[in-house]
Amino acid sequence: MKFKKIDFQDYPDAFSVDGHNCFTLIYDSKYAQGFRGYKSIQMDLEFCVQLIDFLKENQNDNFSAVTWASTLSLIVTYARCFTASKGFRAKLEGSAVPKAHQDHHQKIMQLRHQYVAHAGGGGEGSVNFLALYPNHDRKRVVAVAPPLPVRLTGLNEATREGLRAIISDLLTLVKQKQNQCMNKVMEEIKKQDLEKLYSYFDGEEGYTPDIGPSFAGRIQHTMDQHGRFYVKLVR
């Protein structure tokens, strides 16, 4: 497990507990990275639900560049939950998708690989018509229309609702994975030598605030306009 100090003099309120500022360390480990990865997947899945809701309301009656872009975004965002990024996050396996909805899952993955990432595939084609004189006694071609390119303009209701059901199950799974990772993180931290942890703040001026029992409470994260994060534990 790795640690890095936050300068207490420059950022005294980086982490406050019961309204009191604490010495703050940044920690990292494979389990912390695992939690981060599954949390990132959770955020993607929740965004997919928002896109499904938007398309349900707009893709038929209010089709526009925005609904087309939302369709592509839904496909890409969902599919990236099943692809790994080196050193950044975990990925889900296709086997995590319920068997009842594997066809919807495979459809989206195919669109991602064959249409969004590469032109054509199942999401793009053309309508190519020619007209014949409508009488067998006077056969001739009377007109040929240029190919009309057609593109995916949304996802049908069955696919949208199938995705919604998949995402509901996957959200339960990734939250369980987060809990497992966080339990491991806590086990690692509780095994650390307190003297070594406090050694990062040798020379820092301390004080003795009235802080309640360790760990209990609810964590809140905020970020200021300069991109600096601040954390609070509230009871």
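1. Is the crossing of α1 and α4 left-handed or right-handed? In this predicted model, the crossing of these two helices is left-handed. By class, the contact of α1 with α4 brings together 18 nonpolar, three polar and 11 charged residues.

2. The geometry of this pair can be followed further, since the axes of α1, which covers residues 30-58, and α4, which covers residues 157-190, come within 8 Å and cross at roughly 160°. Angles over 145 degrees count as roughly antiparallel, and α1 and α4 are therefore roughly antiparallel to each other.

3. The length of α4 can be checked against expectation: at 1.5 Å a residue, its 34 residues should span 50 Å, and the end C-alpha atoms of α4 are 49 Å apart, which agrees.

4. As for burial along α4, the buried residues are Thr159, Arg160, Gly162, Leu163, Ile166, Ile167, Leu170, Leu171, Val174, Gln178, Cys181 and Val185. Among the elements that cover these buried residues of α4 are strand β4 (24-28) and the helices α1, α2 (65-80) and α3 (102-116). When reading such a list, it may help to recall that an α-helix has 3.6 residues a turn, so residues three or four places apart point the same way.

5. A closer view of the α3 side is offered by Histidine 104, which is found in helix α3. With a relative accessible area of 14%, Histidine 104 is buried, because buried means under 20%. Leaving aside residues up to four places away in sequence, Histidine 104 touches Ala158, Thr159, Gly162 and Ile166; of these, Thr159, Gly162 and Ile166 are among the buried residues of α4.

Note on methods: Residues numbered from 1 in each chain as written. Predicted model: local features only at pLDDT ≥ 70, side-chain atom pairs only at ≥ 80, totals over all residues. Heavy atoms only, no water. Axes fitted to C-alpha atoms, helices over the stretch in contact; angles between N-to-C directions. Helix = DSSP H or I, 4+ residues; strand = E, 2+ residues; numbered from the N terminus. Parallel < 35°, antiparallel > 145°, perpendicular 65-115°, else oblique. Left-handed = near helix turned anticlockwise from the far one by under 90°. Nonpolar A, V, L, I, M, F, W, Y, C, P; charged D, E, K, R; others polar. Expected span 1.5 Å × (residues − 1). Buried < 20%, exposed > 50% of the residue type's maximum accessible area, 1.4 Å probe, protein only. Contact = heavy atoms within 4.5 Å.
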